[in-house]
Amino acid sequence: MELITEGLIQIAQTALVLALAPGLTGLVRWVKARLLRRRGTPILQVYSDFARLLRKKVVVAHNASWLFRLVPYLVFNAVWTAASLVPTFSTQLLFAPAADLIALIALLSSARFGLALGALDIGTSFGGLGASREMMIASLAEPAMLMIVFTVSLFAGTTHLPAVAEYMSQHQAFLQVSVLLAAIAMVIVSLAETARIPVDNPATHLELTMVHEAMVLEYSGRHLALIEAAGSLKLVLYLSLFCCLFVPWGIAHQAATPLDILAGLGIWVIKLAVGAVLLAVLETCLAKMRLFRLADLLGGGFLFGLLSVILMFVFGSL
Amino acid sequence: MPDQPSRLIAFLARHGRCQPQHRPWPRYQLEREDWVLLGHSLASNADWLLIGLWAEGGPPVARVHMALFDEEGGLPAIASLECPESSFPSVGWARPGAIRLERTIRDLHGLTPLDPVDDRPWLIHDPALPYRFLPVEGYNLHHIPVGPVHAGIIEPGHFRFTCAGETVVRLEERLGYVHKGIEQLLCGASLEQAARIVGRVSGDSAVAYALAFARAVEAATQTEAPPRAHHIRALMAELERIANHLGDIGAICNDAAFAFMHARCGELREDVLRTAEACFGHRLMMDCVVPGGVAADITEDKAARVSALVAKLHLQTKRLAKVYDQEASLQDRTVGTGALSSRLAHRFAAGGFIGRASSRTFDARVQPGYAPYDQMEFGVPMLTEGDVNARVLLRFHEIESSLSLIERLIASLPAGPVLCPLTATGAPTGAPTGNEEREGVALVEGFRGDVLVWLRLAADGKTVRRCHPRDPSWFQWPLLEAAINGNIVPDFPLCNKSFNCSYAGHDL
């Protein structure tokens, strides 16, 4: 019986993250447009965009190898898998044993590695430019992420996400200085990982300033749809992960009634929406940073993470 | 007219023959050796600025003209050279701003510059002859070719970056993708046709071009437009300047991903354009300035509408300037980025906000000056830093200055007609009779900088024989290459947008 429940919840989560991802991206865009006193495209527009991309023919560069065609599937699957592992509205997931922070990071890194390879494969200068910038950002963001993982594991005694979520919700984690510092570090890392302002501008048409977009310039049709979907999924993933680690209230735990699960679902959607609005406000208030100033930002994120580890390690309870 | 002729004009008068049919500046016909001497004099007189270089005709009957301006004072002057051997001595070595103009003359007129600094074609894009980009040597350099087709809907131009990692070692521009043959189209056009064509050379400078053309025609035919027309022209020119500066400020901030400014500036620019449409019947005020005056008068209630706009803009631009000033993340991008040295700005005679942001005070409204600005007191803002930030701030200052100009123009609007017929005759004694060709030239301050229009009219005074509109971008594009040096690749769009040079006006 439990297996069936867990299986159903897992299927629901896997489907939901994919179904909600374009909506979330659409919501961020819409709020940003409203903040600029524009009418804004409807939130559902992003779904139509995906439908359009899926219908379109794929145009592939002559010198593209099999890698170029494989990458979109690799990226999409890695990110989708990662997104379905994060406890969003319930910890009772069939794949919960695999839901480990380290595994999550490994999945996302593989996706990034694949994307960078795909960008290099066709040999355009923009692909190379984007890949090198993405790798620079990743090399700065990953140590910071590692610090966050350390803090969380020191605090909860595990990197197993369902356990962390349960522990966090029961121990008033938000009152801890070190957890607060880790949360700040997490915001910075998330902005970098999801390619948002001030790290990258998802709305730009300027090839020379692009990071993520420069890598996917040559993709079209369903390939592009998969990569864009992976981008949207990543946003859901990082918002959910942030919620799971630092605002884990409302997530249904073991022995939850179906009502709890439904409530958890509602709370999760609200959390995502609030996160999207906050992200849109943040993006409107900031200009994009100069490329090499990113080291300062992400270095700051690393320091926050380091500080929280030290606090946790030295004082144990702070 | 100044009492003392400037050293430049004295030099030309000594070596050349004055052409009395040319107005309002003097034109001198030089012999070949005097042209060479002029080149050497340019090298030794840094304040003799080259503001135009063009040709007319083609072999065997061809002529090259060079417009020069002495910064110490006095009128600009034009030096001309007959080129029976289809070649002319190059001056590019003395004035680097002339290099691309000489390449263009060779492409369009078949006249070869002798001993040129650069002998590659410029406007001609011949697929059979691959373009030779300048060689760059160094360890671990890589090329980034950008354009002419861009990811956004912008004008076409090719940029070849040579980079060491993210640092730009050299940028080389390749333009000419929107060459349309405008100058050829103007040969033989009637004045009405020509006014329409020149007004469309660069859409964002429709008023400036039409005004320069109208003033050149009026100079050639010795017509003086009515005072009311001068005021309305200035009003339109200032509106155009404000609209473009607003658009530019927004676009520069948008390139730093600060979309808020873009949205707000876009709104205000739209206000200006709609007011222009309501008052003059066209958003960009095309065909509103015509030789002899303006096409439409401004009524009492329309003037009130412009005044209301000015009041609103005064308030709103102050607010936006404050936002720009207080947004640290934006300042971090613009301050120190793409700095242009004042030495280079001066050497290339860069006009407009690019020159004025690099401590060059030149403004065609002040010097050589024209009506109605010669009767008005107004400040020409100037900054010394020469970076993107300076060019943004300068635009804010210029909007302020233009707004106050508009207020005063409306307050002092003289009564009377706005259009007068062109006097095809009436030459003073000593000048040619009405049966000869006449030539006119005008320098007008557009939003980008000084727009030069030179023309030669047929004896009937109604047909254009040759007309050369020179966009300010000719002397600004090369400076972009210098300004980006040492900056990083992702900062190029910011620098480029802060220059905002014209492709259409340059490629013709």
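Trainee: In this predicted model, chain B has an open sheet of four strands with mixed pairing, and in what order do its strands stand?
Mentor: The edges give a good starting point, since β2 (22–23) and β16 (464–470) of chain B each pair on one side only. With those two strands at the ends of the open, mixed sheet in chain B, the order reads β2-β14-β15-β16.

Trainee: Which residue of β14(B) does B:H22 stand opposite?
Mentor: The edge strand β2(B) is joined by two bridges to strand β14 (residues 438–445) of chain B, and the two strands run parallel. Within β14(B), the residue that stands opposite B:H22 is B:E439.

Trainee: Helix α5 (residues 191–198) of chain B packs on this sheet, but what angle does its direction make with that of β16(B)?
Mentor: Helix α5(B) touches β15 (450–457) and β16 of chain B. Taking the direction of β16(B) as the reference, the angle made by α5(B) is about 15°.

Trainee: And at what angle does helix α6 (residues 206–221) of chain B run to β14(B)?
Mentor: Helix α6(B) lies across β2, β14, β15 and β16 of chain B. Relative to β14(B), the helix runs at about 145°.

Trainee: Turning to the open sheet of five strands in chain B, which strands stand at its edges?
Mentor: The pairing in this sheet is mixed, and the strands follow the order β1-β3-β6-β5-β4 in chain B. Each edge strand has a single partner strand, so one side of each is left without a neighbour in the sheet; the strands in question are β1 (17–18) and β4 (48–58) of chain B.

Trainee: What angle does helix α1 (residues 7–15) of chain B make with the direction of β6(B)?
Mentor: Helix α1(B) packs on the five-stranded sheet, touching β1, β3, β4, β5 (61–70) and β6 (77–82) of chain B. With the direction of β6(B), its own direction makes an angle of about 30°.

Trainee: Which residue stands opposite B:C18 in β3(B)?
Mentor: Strand β1(B) and strand β3 (residues 27–30) of chain B are joined by two bridges and run antiparallel. In β3(B), the residue opposite B:C18 is B:Y28.

Trainee: In the hairpin of β10(B) and β11(B), which residue takes a positive phi?
Mentor: Strands β10 (residues 158–164) and β11 (residues 167–174) of chain B pair in the antiparallel sense over seven bridges, with B:T162 standing opposite B:R170. Two residues lie between the strands of this hairpin, and a positive phi near 65° is taken by B:G165.

Trainee: How many strands does the secondary structure of chain A come to?
Mentor: Read along the sequence, chain A follows the pattern α-α-α-α-α-α-α-α-α-α-α. Its secondary structure comes to 11 helices, and the number of strands is zero.

Trainee: Are helix α3(A) and helix α9(A) roughly parallel or roughly antiparallel to each other?
Mentor: The axes of α3 (residues 66–85) and α9 (residues 221–246) of chain A come within 9 Å and cross at roughly 20°. An angle under 35 degrees falls in the class that applies here, and α3(A) and α9(A) are therefore roughly parallel.

Trainee: How many nonpolar residues does the contact of α3(A) with α9(A) have?
Mentor: Among the residues that meet are A:F76, A:V79 and A:W80 in α3(A) and A:L226, A:L233 and A:K234 in α9(A). By class, the contact has one polar and one charged residue, while the nonpolar count is 15.

Trainee: In which hand does α2(A) pass α9(A)?
Mentor: Helix α2 (residues 45–55) of chain A packs on α9(A) at an angle of about 145°, with the axes 6 Å apart. The contact is made by A:F50, A:L53 and A:L54 of α2(A) and by A:G221, A:R222, A:L224, A:A225 and A:A229 of α9(A). The crossing of these two helices is left-handed.

Trainee: What radius of gyration does chain B have?
Mentor: The secondary structure of chain B comes to 17 helices and 16 strands. The globule rule gives 23 Å for its 508 residues, and chain B is close to this and so as compact as a globular protein of that length, with a radius of gyration of 22 Å.

Trainee: Finally, how many residues does the contact between the chains take from chain B?
Mentor: The side of chain A that touches chain B divides into 11 nonpolar, six polar and six charged residues. The contact takes 23 residues from chain A, and from chain B the number is 25.

Conventions
Residues numbered from 1 in each chain as written. Chains lettered and ligands numbered in written order. Predicted model: local features only at pLDDT ≥ 70, side-chain atom pairs only at ≥ 80, totals over all residues. Contact = placed C-beta atoms within 7 Å. Nonpolar A, V, L, I, M, F, W, Y, C, P; charged D, E, K, R; others polar. Pairing = 2+ DSSP bridges. Axes fitted to C-alpha atoms, helices over the stretch in contact; angles between N-to-C directions. Parallel < 35°, antiparallel > 145°, perpendicular 65-115°, else oblique. Left-handed = near helix turned anticlockwise from the far one by under 90°. Rg over C-alpha atoms; globule rule 2.2 N^0.38 Å.
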